[in-house]
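Let's take a walk through a protein chain together, one sheet and one helix at a time. Have the picture ready and follow along.

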Amino acid sequence: MTLYHFGNCLALVYAPYHMAYKFSGISEYATFSKCVYAGGLYIFTQLCKMLLLATFFPDSDNSHITGEYNVFLEILKATVDFADLFGLYLALNSVPGKGHAKILTSAIGWASAEVLVTRSVLLWVGARGSEFDWRYVRACAESNVALVSAGASAALVWLWTRSDLPRRLAPGVLALLLLQPYRALLEDALGAALALSAWALLALRAAHAAALALASLAMYAVLAQQIGI
Amino acid sequence: MWLDEADGFAEIFKGYLPYYLLVALPIFIIMSPVNPVAASHEFSVYRMQHYDLHTVPHGCRSASFNLEGRSLTSWSTSRHCVVARVQDISIEQFMEIRSKAGALLLVLPKNDTVLTPEEKEHIQLLEMAMIQQEVNAPVYFARWTPDFEDILRDLQHSFITDDKSGTALEAMLNTVSSNGYQIVVSASTPQKLDSKPVTIHGKLAGRSGSAQTIVIAAHYDSSAVVPELSQGADSNASGAVAVLELARIFSRLYSTAAVRGGPSILFALTSIGHSLNYFSAKKWLEEQLDSTDASLLQDVSFVMCLDSISSTPSMTMHVSKPPKPGGAAHSIKSRLGVSINHKKINLADELLAWQHERFSIRRMTAFTLSSLQSHKDSSRSSVLDTPSEVAIKNLVQNIATTARALASHVYNLTDEVNDEDAALYDDALGVDEASVRLWYNYLSSQARAPQIITTTAPNAGVTGTLERALSRYMDVTVSAHAVDKREPEFTLYGATKSVLFVYSVKPAVFDLILTLAIVAYLSVVYFAIQLFPRFYEEYAKLVTGKAKVH
């Protein structure tokens, strides 16, 4: 609508990231450059993924025109998202420090880069126009959810890299990691099956991310207990 | 590694980031386009008539606006654009809007069949009222679309106005839930059009060179409140089609010397009709009569104008002087078997009633054949004047009647005695229904307002097509007329159509409420992060069953 509305949206996106960085204690490690590095890795990973998709997958624009929805193809495409986990692994490796600092730094860097790349142009172009649409506010709220799920993903990857991971936790971590690339697809499918409105879908995503975050937090807590951090 | 050394750089970056933003943000704002997003709705809209007649302004005087859309009942100031269905607005409401509102957007009915006869009459009267005077606010018309239906419904049922809601909370909820519409038309100021009216005429020469001439004339433009939507099927596609068909019939008769009639027949199609005071006919007469070589209209027997002849299967002869018994007009009258409507020419009126008055002023015997009883019939200038099957039937019958009367006058037959002659006669004068239908449908599918047909090149558009059609039967001359530079008889203005953007917007208060909501959410997030260590402790205890070891 106006610049003021754009400001509203920006506050909704930026403030949670800022608070997560400032108040989680990782800013004391002076790891801003590590965040930037994680963000850089995110962009690099996306480029690699795009290269893969463009090389090995048929033109997705055609299916938009014909309106067909090829489930198998979509699943195959989502499989490429395993590259994200590898990228997160690289980011975690590059950050020195304790477990929670590693996880938070790479998660915040990763999610910030994602927001910057996927949402900033949309907001700049859309939320400032004279047309009002709830979807910009929704996109902003969604980026908060993305931060939570990035944290959960980073925690899972970190847990998997630990050699001292308790045996009984390993299957859970592995299962959640294997499910990771297909989560967005599952959310969409559930939303379509239940014919959810856009706001309900957002709530579903938030609930899903929160559940995943709690699950990985529990496993992190067990490991932390064991190794004493 | 450079990233490890970058910590200092990062500190600088962090420290200065807000100041950088202070500079960068305004630059971004200046650089980015003014209106970066396309509206969710785009419509083609057609502007109301805009012309001066004898320097008296008529119609809508402006073209662009950017205003909030309101319904007929909820608008209040000149900052509102009233959006309504054309059948819903009364003439009193229009008068009020004309003087107070910022703009008017009227949505035409979905199609004619949804209208009752009363509604049709109401729309025609409204059109007449609208065109009478000048309107300073922009007035646009739009074709019906489902999107418009939604917008109209939203505007009628949602009240963004604060006085409509009871409590403050209700008002707040209203601002969040309701949709406002910002309606934008960006068009340049209407420019004067360079109008070149024309008259197309062709002559079928009679048996002897000195014999009299019969003139058959019709104007082929249409007039309605919206130039781009003036189909003018009855007025006056029907008259023009009749002229073409009569030209076809008589060119066949006149092609062989044996059956050629006595008088010459002159066919004329004029490009400006009743909306602009029959300007083409006036200029054409001046050129033909006042030039030194005035042979074309030297000895005119009578002038027959055809105007709106498809609404009923019968016609009325409109004259400005009752025909004398024994005269040519009287002969035609009795052969046609029509009633006479006598109306004296009133030069004090702004507009002449019928085209024949132009000829009567120049002392020719002239009359107009029309299915309408009165020249004041509002259907002559209406957007609802659309083609129909019934009209084609009526038109064919009226052309046949006219052709028959004309032929019996030309060949001076009293009555057909035997059946064989009558059959021969019918065969020779047969109206080709397919061709009538084709021409009628073609002409009534084109917007033929003076703004459109007099600004295209004479050999293009409707004018060019009619010229080529008539030249199949005879030699055709197209004469272009110029409007007087100093005292223009009429001035036409452009910008007849435009694109309308509709943005859905929220009131300014809505953004404040949104800010409050976001601040509330962010403080929840803040406290959640602050409380996270304690939560983690409890949670870890719950999961592992042990207190955290430090």
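Before we start, one term: two strands count as paired if DSSP finds at least two bridges between them. With that in hand, look at β14(B) and β15(B), which pair in the parallel sense over four bridges. Within this pairing, B:Val319 sits opposite B:His342 in β15(B). Keep in mind that what you're looking at is a predicted model.

Now zoom out. Chain B has 16 helices and 19 strands, and 41% of its 550 residues are buried. The domain assignment splits the chain into domain 1 (1-32), domain 2 (41-191 + 497-506), domain 3 (198-482) and domain 4 (509-550). Notice that domain 2 is written as two stretches of the chain, 41-191 and 497-506. There is plenty of long-range contact too: among contacts in chain B with a separation of 6 or more, 79% are between residues 24 or more positions apart.

Let's go back to the pair we began with and find its sheet. In which order do the strands of this open sheet of eight come? The order is β15-β14-β16-β13-β11-β12-β10-β17 (chain B), and the pairing is mixed. At the edges stand β15 and β17 (476-480) of chain B; each has a single partner strand, so one side of each has no neighbour in the sheet. From one strand to the next, the twist averages 25°. Helix α6 (residues 233-255) of chain B packs on this sheet, touching β10 (198-204), β11 (213-219), β12 (264-270) and β13 of chain B, and its direction makes about 150° with that of β11(B). There's an oddity to spot in that region: the peptide bond from B:Ser235 to B:Asn236 is cis, with omega near 0°. B:Asn236 is part of helix α6 of chain B.

Another helix to find here is α14 (residues 461-470) of chain B, which lies across β10, β12 and β17 of chain B and runs at about 5° to β10(B). Its buried residues are B:Val462, B:Thr463, B:Leu466, B:Ala469 and B:Leu470. They cover an arc of only 130° around the axis, which puts them on the same side of α14(B). Why might such a spacing work? An α-helix has 3.6 residues a turn, so residues three or four places apart point the same way. The buried residues of α14(B) pack against β10, α6, β12, α12 (433-445), α13 (450-453) and β17 of chain B.

You can play the same game with helix α8 (residues 328-336) of chain B, where B:Ala329, B:Ile332, B:Lys333 and B:Leu336 are buried. Seen down the axis of α8(B), these residues fall within an arc of 100°, so they line one face of the helix. Their cover includes β13 (300-306), β14 (316-319), β15 (339-342), β16 (366-370) and α10 (389-410) of chain B. Right after α8(B) comes B:Gly337, with a positive phi near 65°.

A positive phi turns up in loops as well. B:Tyr278, which isn't a glycine, has a phi near 50°, and it lies in the loop between β12 and α7 (279-290) of chain B. Is B:Tyr278 buried or exposed? It counts as buried, because it has 26 C-beta neighbours inside 10 Å.

Time for the other big piece of architecture. Seven strands close into a barrel in the order β1-β8-β6-β5-β4-β9-β19 (chain B), with mixed pairing. Ignoring direction, neighbouring strands here are turned by 35° against each other on average. Strand β5 (residues 80-85) and strand β6 (residues 103-107) of chain B pair in the parallel sense over five bridges, and B:Cys81 has B:Ala103 in β6(B) as its bridge partner. Helix α4 (residues 146-157) of chain B packs on this sheet, its direction making about 120° with that of β5(B).

Finally, look at the ends. UniProt, in an unreviewed entry, lists residues 20-39 and 508-529 of chain B as "transmembrane region". In the model, residues 508-529 of chain B are 100% helix, and the end C-alpha atoms are 32 Å apart. The C-alpha centres of domain 3 and domain 4 of chain B lie 86 Å apart.

Key. Residues numbered from 1 in each chain as written. Chains lettered and ligands numbered in written order. Predicted model: local features only at pLDDT ≥ 70, side-chain atom pairs only at ≥ 80, totals over all residues. UniProt positions renumbered as here; feature names shortened; annotations may be inferred. Helix = DSSP H or I, 4+ residues; strand = E, 2+ residues; numbered from the N terminus. Buried ≥ 20, exposed ≤ 12 C-beta atoms within 10 Å, placed from the backbone. Arc of directions from axis to C-beta. Contact = placed C-beta atoms within 7 Å. Axes fitted to C-alpha atoms, helices over the stretch in contact; angles between N-to-C directions. Domains from an automatic or database assignment.
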